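Colleague: I'm new to this structure and don't know where to start. Please pick one small part, look at it closely, and then work outward from there.

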Amino acid sequence: MIKIVGIASCPAGLAHTPMASKALEKAGKDRGIFVKIEQQGIMGQVNKITQEEAQSADLVLIVSNQHLEGLDRFKGKRMIKVDIGQAVKNAGVIIDKCIEKIEN
Amino acid sequence: MESTNEKEGKKMFSIEHVMMNVEAKSKEEVLKLISKKATELGITHNEELLYKAFLEREQESCTGMQDGIAIPHAKSDAVVQPSLIFVSLKNELEWESLDDKPINTIFALLAPNSNGCIEHLMMLSKLATKLLEDSFVTNVKNAKTANQVFGIVTEVF
């Protein structure tokens, strides 16, 4: 199964972060693939990606323009950076593009 | 018996937090009205600082989402406890949004700087993710009274 992990973070870490995470995870579920997005927001790290999950992922999504914690987990992995607003609005399109990148 | 979540939810959001048929000429005016309301409700002791916190967040990136809904938010020392204020506008306002549509429905999220009340913050986050559901958005937009809005929103908690 295709496996995408990532981190979402926004300035206040209150609304966009959980919204983007949920939208991406739902888009993954709809497509029958594994998507897990860690939220680095007002409550600290929520839905944390483990070292193992990070290293076994096909692709890492960075959904933020903020400073992020624990990026070393993804060392050597293919990363894509996306705008958090776009992730809320077009989660399906983003996941489709990720799948395309992984498969090609 | 009420669950803890219901009780906590009431502290954070009550029918007094719902503003219906509000007239405003600009986003700034709406944020001022929300700051004033927050002062009346005892959510803040510093109306001016709260208003500034809203403006600062607006400058970071757009808080207009989709379908006429905006989620301005303030994370500030001026906020005493995490709260939600709902505003339904009579008119539509220009407000930078993800789908470029004007805004008429506003969920203002207020949070203190100290990450104390985790439970309340979780509720605010939960509400935000609810906005991804079409049925929730439709219900909120179709609500005609403060009572209806209160009912729909508190179901989320």
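Modeller: Let's start with Lys26(A), which makes a salt bridge to Asp30(A), with 3.0 Å between the closest N and O atoms. A salt bridge here means a side-chain nitrogen of Lys or Arg within 4 Å of a carboxyl oxygen of Asp or Glu. Before going on, a few ground rules: this is a predicted model, so local features need pLDDT of at least 70, side-chain atom pairs count only at pLDDT 80 or more, and totals for chains, interfaces and linings use all residues. Side-chain values use heavy atoms, with hydrogens and water left out, residues are numbered from 1 along each chain as its sequence is written, and chains are lettered from A and ligands numbered from 1 in the order in which they are written.

Back to our pair. Lys26(A) and Asp30(A) are four residues apart in helix H1 (residues 16-30) of chain A, so about one helical turn separates them. Helices (H or I, at least four residues) and strands (E, at least two) are DSSP runs, numbered from the N terminus. Both partners are exposed, and the scale goes like this: buried is under 20% relative accessible area, exposed is over 50%, and partly exposed is in between (1.4 Å probe, protein chains only).

The helix around them is another story. Of the 15 residues of H1(A), 11 are buried, so the rest of the structure largely encloses this helix. Among the buried ones are His16(A), Met19(A), Leu24(A), Glu25(A) and Gly28(A). Its length checks out too: the end C-alpha atoms lie 21 Å apart, which agrees with the 21 Å that 15 residues should span at 1.5 Å a residue. That expected span is 1.5 Å times one less than the number of residues. After H1(A) comes Gly32(A), with a positive phi near 70 degrees.

What other charged pairs are worth a look? The structure has eight salt bridges over all chains. One of them joins Glu53(A) and Lys36(A), at 3.0 Å from N to O. It links distant parts of the chain, with Glu53(A) in helix H2 (residues 51-56) of chain A and Lys36(A) in strand S2 (residues 34-41) of chain A, 17 residues apart. Glu53(A) counts as buried at 16% relative accessibility, and Lys36(A) is buried at 15%.

Chain B has a bridge between Lys36(B) and Glu40(B), at 3.8 Å from N to O. These two are four residues apart in helix H2 (residues 27-40) of chain B, so again about one helical turn lies between them. Lys36(B) is partly exposed at 44%, while Glu40(B) counts as exposed at 55%.

A charge can also meet a ring. The charged end of Lys3(A) sits over the ring of Phe34(A), 5.3 Å from its centre; the rule asks for NZ of Lys or CZ of Arg within 6 Å of the ring centre and within 35 degrees of the ring normal.

Now for the inside. Leu24(A), which we met among the buried residues of H1(A), is one of the three members with the most neighbours in the largest nonpolar core, alongside Leu61(A) and Phe107(B), and that core has 57 residues. A nonpolar core is a set of buried Ala, Val, Leu, Ile, Met, Phe, Trp, Tyr and Cys residues joined through side-chain atoms within 4.5 Å. Apart from it lies another core of 25 residues, including Val30(B) and Trp95(B).

Phe107(B) deserves a closer look, being buried at 0% relative accessible area. Beyond its neighbours within four places in sequence, Phe107(B) is in contact (heavy atoms within 4.5 Å) with residues including Ile69(B), Leu84(B), Phe86(B), Leu127(B) and Phe136(B).

Phe107(B) also takes part in ring pairing. Rings of Phe, Tyr and Trp (its six-membered ring) pair if their centres lie within 6.5 Å, with planes under 30 degrees apart counted as stacked, over 60 as edge-to-face and the rest as tilted. There are three such pairs over all chains. In one, the centres of Phe86(B) and Phe107(B) are 5.1 Å apart and their planes lie at 70 degrees, so the pair is edge-to-face. Phe86(B) is in strand S4 (residues 83-93) of chain B and Phe107(B) in strand S5 (residues 103-111) of chain B, so parts 21 residues apart in sequence are tied together. Phe86(B) is buried as well, at 1%. Ring pairs join Phe86(B), Phe107(B) and Phe136(B) into a cluster.
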